[in-house]
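Visitor: I should like to learn how to read the features of a protein model. Might we go through them one at a time?

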Amino acid sequence: MTPNRPSPSRRRVRRIAVTTAVVLALAGANGPWLYRFGSEKYHAYAIDRPAYKAENGRWEIVEFPEGYRQNTIHAALLRTGKVLLVAGSGNDQKNFDAKRFDTRVWDPVKGTVKKVPTPSDLFCTGHTQLADGNLLIAGGTQRYEKLKGDVTKAGGLMVVHNENPDKPMTIEAGTRFTGKENGKTFVAQDSVLVPRAKKRFDRDTGRFLGNDAGLGRVYVEAERRGARHETGAEDNYRVQGLKGADARNTYGIAQKLALDKKDFQGIREAYEFDPVAERYIKVDPMREARWYPTLTTLSDGKVLSVSGLDEVGQLVPGKNEVYDPETRKWTYTEKERQFPTYPALFLMRNGKLFYSGSNAGYGPADVGRDPGVWDVRTNTFTKIPGMRDADQLETSGTVLLPPAQDEKYLVIGGGGVGESRASTERTRLVDLSSGKPRFTDGPSLGRGTRYPQSSILPDDTVLVSGGSEDYRGRSGSDILEARLYDPDANAFRRVADPLVGRNYHSGSILLPDGRVMFFGSDPLFADRADSRPGVFEQRVEIYTPPYLYRGEQPVVKDGPDTVRRGGSATFRSPDAGRLATARLIRPSASTHVTDVDQRSIALEMERTADGVTVTVPGNRNLVQPGWYMLFFTDRDGVPSTARWVKVP
């Protein structure tokens with residue numbers, strides 16, 4: 001039986017706050033009210049009072065030493081309690097051109113920062129926690145985008161055909177392709193392996209019917225600059241440097257090669273990050289190049305890689321693939337299904353995947369954006385009705401509400417496709433445990449909100465903070481507000497305001513001590529007039545929730561490091577009499593408003609003579625194999641510092 005939630009002792013704290021100081025009675029107005037009508041000094045004094053912090057929490061800024069700062073794009077909590085901060089080139093063309101790719105490992109307890117060699121440009125990669133505690137990282141950046149006015153050489157996709165069934169062909173970077181009709185020459189910008197042709201036979205007679213050419217894709221550019229080197233139609237291209245049979249069997253076909261805008265291009269590289277050795281381990285590359293992919297754990301512990309922009313900047317056309325941690329290799333799924341980039345895909349208790357509709361951008365406005373339930377095995381997709389502002393799910397956030405057993409999700413804010421100025425203040429709820437799930441409106445955010453950051457807390461609330469009303473914080477639209485969402489009450493409560501605006505390329509991570517760290521922000525402009533280029537936010541910010549100001553944290557001592565699914569474990573605690581709940585919280589891996597890893601699982605709990613015994617649910621899809629933070633909370637909702645436990 002799932003234990004009751006902590007008793008609402010917050011009401012006692014509120015009464016104390018009201019009687020202690022009249023100004024704190026307007027805590028709902030939070031810091032801004034105090035700031036407008038009082039001095040900055042008094043504001044600082046008021047928000048530092050114990051009663052205020054016990055009701056609203058507190059924010060503080062962490063600045064790394066200058067040589068250790070970076071444009072953090074991705075962050076993941078490691079099983080060591082440290083935080084992996086990944087920038088790659090950090091959305092900085094100069095870093096990319098100089099091959100300066102950055103990763104940091106930050107210890108929030110000791111305050112140390114370590115630089116880690118970064119093997120590829122992992123800017124806009126995908127990541128997820130693996131069962132052994134390693135972090136799988138796949139995809140990244142092969143080439144930066146160029147706007148139409150900045151493109152000087154015509155270019156685009158060249159599909160290389162190999163009709164030889166006996167051997168594959170390698171096309172090296174720098175290989176030249178010359179059109180048979182147009183006579184124009186284009187140069188391969190990367191190397192590509194073109195597989196051998198497949199022989200085709202009649203199934204009934206066994207008669208040989210011919211060869212299906214092996215296909216490879218490569219991005220090409222004209223040898224020279226200017227519009228006169230553009231092409232307007234499909235053409236066959238000879239591969240220079242090939243002779244004899246290779247020249248006859250290998251050729252290119254390209255459609256229009258023009259000076260159009262060139263989108264970001266992805267890579268195939270994949271790595272596991274070892275949190276103990278604190279280094280990247282190269283594994284088998286993906287079958288598809290991907291920039292902006294989502295990685296989601298499946299019911300068998302393997303990892304599904306979905307969507308992304310490919311090696312020529314086009315949306316991967318539904319070719320999804322699976323990583324096997326045992327072999328460290330990738331294989332295609334049998335069926336194809338296309339989604340926009342960074343789709344929010346969550347593993348359900350029945351082994352299917354829930355797609356909330358949240359995504360981070362690239363892709364047609366009418367392809368793969370409807371929320372629903374996806375059965376990967378059969379490739380069937382069942383749409384879920386009732387979504388309000390369904391055309392504004394880009395840059396929205398989605399969180400599996402605690403406890404995960406309830407299978408209720410909250411979709412938070414969002415905006416229109418691309419650089420649209422449209423944004424929504426709505427939140428939407430869906431209960432997947434019901435027979436016919438349907439979205440309903442949740443509480444309003446008060447204003448349109450793109451890029452909201454959300455983190456599940458040990459007391460079963462969800463911290464929702466930041467974001468901006470407009471695309472990438474345009475026109476000074478960052479939202480310096482934070483709220484706690486109570487799933488039981490289906491209501492937000494305004495808490496202390498963050499100190500730093502967070503929009504594009506930002507995120508949040510729950511730490512083992514119950515605090516929440518925030519990273520990143522990549523505004524398009526630096527002023528309200530949109531006249532100066534934006535500056536990437538390199539500061540880390542820590543939010544200490546109200547529960548850590550309500551008394552001493554309960555102490556939980558000896559206990560096992562491994563707890564089996566369906567099994568029980570006993571932990572000693574001098575505070576056993578005051579403990580009320582136990583939660584397994586999966587560590588986050590966050591980027592681009594997408595964190596499909598985090599989930600909080602309620603454990604059955606019984607008190608013993610000198611401690612507590614907890615029982616883990618037996619469903620493998622609910623409790624995925626891996627390392628978890630085990631939090632205990634007392635009757636006032638104050639959490640213990642988490643213990644790391646492994647569920648094999």
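**Reading salt bridges, a sheet and confidence**

Guide: Let us begin with a salt bridge: in this predicted model, the side chains of Asp 558 and Arg 572 form one, with N and O 2.9 Å apart. Arg 572 belongs to strand S41, whereas Asp 558 lies in the loop between strand S40 (540-544) and strand S41 (568-572), so the salt bridge ties together parts 14 residues apart in sequence.

Visitor: Is Asp 558 buried, partly exposed or exposed?

Guide: The term "buried" is kept for a relative accessible area under 20%, and "exposed" for one over 50%. Asp 558 has a relative accessibility of 47% and therefore counts as partly exposed. Arg 572, with 37%, is also partly exposed.

Visitor: Which residues are joined into one network by salt bridges that share partners?

Guide: That network consists of Arg 447, Glu 469, Glu 481, Arg 483, Arg 494 and Asp 497. A search of the whole structure gives 43 salt bridges.

Visitor: What parts of the chain does the salt bridge between Arg 583 and Asp 460 tie together?

Guide: The N-to-O distance in that pair is 2.8 Å. Arg 583 is in strand S42 (residues 579-585) and Asp 460 is in the loop between strand S34 (453-456) and strand S35 (462-465), so parts 123 residues apart in sequence are tied together. Arg 583 is buried, at 1% relative accessibility, and Asp 460 is buried at 2%.

Another example is Asp 190 with Arg 143, whose closest N and O atoms are 3.0 Å apart. This pair links distant parts of the chain, 47 residues apart: Arg 143 is in strand S8 (residues 141-143), and Asp 190 is in the loop between strand S12 (185-188) and strand S13 (192-194). Both residues are buried.

Visitor: How should one read a sheet?

Guide: Strands of a sheet pair through backbone hydrogen bonds, in either a parallel or an antiparallel manner. One open sheet here has four strands in the order S26-S27-S28-S29, paired antiparallel. Strands S26 (345-347) and S29 (380-383) each have a single partner strand, so one side of each lacks a neighbour in the sheet. On average, neighbouring strands are turned by 25° against each other, direction ignored. Within this sheet, S27 (residues 353-355) and S28 (residues 372-375) pair over three bridges; Phe 354 has Val 373 in S28 as its bridge partner.

Visitor: Where does pLDDT stay under 50?

Guide: This concerns residues 1-38, for which the model has 64 contacts beyond four places in sequence. The protein chain has an average pLDDT of 93, and 94% of the residues score at least 70.

Terms used. Residues numbered from 1 in each chain as written. Predicted model: local features only at pLDDT ≥ 70, side-chain atom pairs only at ≥ 80, totals over all residues. Heavy atoms only, no water. Pairing = 2+ DSSP bridges. Helix = DSSP H or I, 4+ residues; strand = E, 2+ residues; numbered from the N terminus. Axes fitted to C-alpha atoms, helices over the stretch in contact; angles between N-to-C directions. pLDDT = per-residue confidence, 0-100. Contact = heavy atoms within 4.5 Å. Salt bridge = Lys/Arg side-chain N within 4 Å of Asp/Glu carboxyl O. Buried < 20%, exposed > 50% of the residue type's maximum accessible area, 1.4 Å probe, protein only.
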